[in-house]
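Subject: The structure we talked about

Hello,

Here is the structure I promised to hand over, with my notes underneath. Please open it in your viewer and keep it beside you while you read.

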Amino acid sequence: MPNTPQPSDRSVYVDFDSRTATALDGVFPVVSWLDADGDECEPEDALACVAGPDNDGLWMTIDLSQRAPVSLH
């Protein structure tokens, strides 16, 4: 049976301005922004993005559909 990607509980912060994804093991470039149809789009229209590769050579698919703004005080 081929390897099937499994969901991860990895926490990732996506910075739309710098187009990076920050996880516990580093900061990785977002290389693709995807809309509801899976087509490439601009970050403000994205419901998912792809970042990486991470330190293990893996790519992260990040669901942005439930994103919430974060503010620093």
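To warm up, find E42: is it buried, partly exposed or exposed? E42 has a relative accessible area of 43%, so it counts as partly exposed. Please keep in mind that this is a predicted model.

**The overall layout**

The protein chain has five strands and zero helices. Read from the N terminus, its elements follow the order β-β-β-β-β. The chain has 73 residues, and 29% of them count as buried. About 5,600 Å² of the protein chain is exposed, with carbon and sulfur atoms supplying 52% of that area. Among the contacts with a separation of 6 or more, 22% are between residues 24 or more positions apart.

**The salt bridge**

Back to E42, because its relative accessible area is not the end of its story. The structure holds one salt bridge, and E42 forms it with R19. The closest N and O atoms of this pair are 3.7 Å apart. Where do the two partners sit? R19 is in the loop between β1 and β2, while E42 is in the loop between β3 and β4, so the pair ties together parts that are 23 residues apart in sequence. R19 has a relative accessible area of 38%, so R19 is partly exposed too.

**How the strands pair**

Next, follow the strands β3, β4 and β5. β3 and β4 run antiparallel and are joined by four bridges. On the β4 side, A51 is the bridge partner of V30. β4 also pairs with β5, again in the antiparallel sense and over four bridges. There, V50 of β4 has T61 in β5 as its bridge partner.

**Which way the side chains point**

In a regular strand, side chains alternate between the two faces of the sheet. You can see this along β5, where M60 and I62 point to one face and are buried. T61 and D63 point to the other face and are not buried.

T61 is a good residue to click on. It lies in strand β5, which spans residues 60–63. Why does T61 count as exposed? Its relative accessibility is 66%, and the cut-off for exposed is over 50%. T61 and V30 are 31 residues apart along the chain, yet their C-alpha atoms are separated by 9.6 Å.

Now compare β4. A48 and V50 point one way, C49 and A51 point the other way, and all are buried.

**The nonpolar core**

What makes up the largest nonpolar core? It has 13 residues, and those with the most contacts inside it are V14, V30, W33, C49, A51, I62 and L64. The elements giving two or more residues to this core are β2 (20–23), β3 (26–34), β4 (48–51) and β5. β3 gives the largest share, three residues.

A51 is worth a closer look. Leaving aside neighbours within four places in sequence, A51 is in contact with A21, F28, P29, V30, V31, W59, M60 and I62. You have already met V30 as its bridge partner.

S32 is another residue to visit, and it lies in strand β3. Is S32 buried or exposed? At 12% relative accessibility, S32 counts as buried. Apart from neighbours within four places in sequence, its contacts are E40, A48, C49 and V50.

**On the surface**

Y13, V70 and L72 form a nonpolar patch on the surface. Together they have about 380 Å² of accessible area. Y13 belongs to strand β1, residues 13–15. With a relative accessibility of 43%, Y13 counts as partly exposed.

Last stop: D56, in the loop between β4 and β5. Its relative accessibility is 63%, so D56 counts as exposed. D56 and D25 are 31 residues apart in sequence, and their C-alpha atoms are 9.9 Å apart in space.

Have fun exploring, and write back with any questions.

Best wishes

Conventions
Residues are numbered from 1 along each chain as its sequence is written. This is a predicted model: local features need pLDDT of at least 70, side-chain atom pairs count only at pLDDT 80 or more; totals for chains, interfaces and linings use all residues. Side-chain values use heavy atoms; hydrogens and water are left out. Buried means under 20% relative accessible area, exposed over 50%, partly exposed in between (1.4 Å probe, protein chains only). A nonpolar core is a set of buried Ala, Val, Leu, Ile, Met, Phe, Trp, Tyr and Cys residues joined through side-chain atoms within 4.5 Å. Contact means heavy atoms within 4.5 Å. Two strands pair if DSSP finds at least two bridges between them. Patches are made of residues with over 30% relative accessible area and no salt bridge: like charges are joined within 9 Å, nonpolar side chains (Val, Leu, Ile, Met, Phe, Trp, Tyr) within 5 Å. Accessible areas come from the Shrake-Rupley method with a 1.4 Å probe; for residues, only the protein chains shown count as cover. A salt bridge is a side-chain nitrogen of Lys or Arg within 4 Å of a carboxyl oxygen of Asp or Glu.
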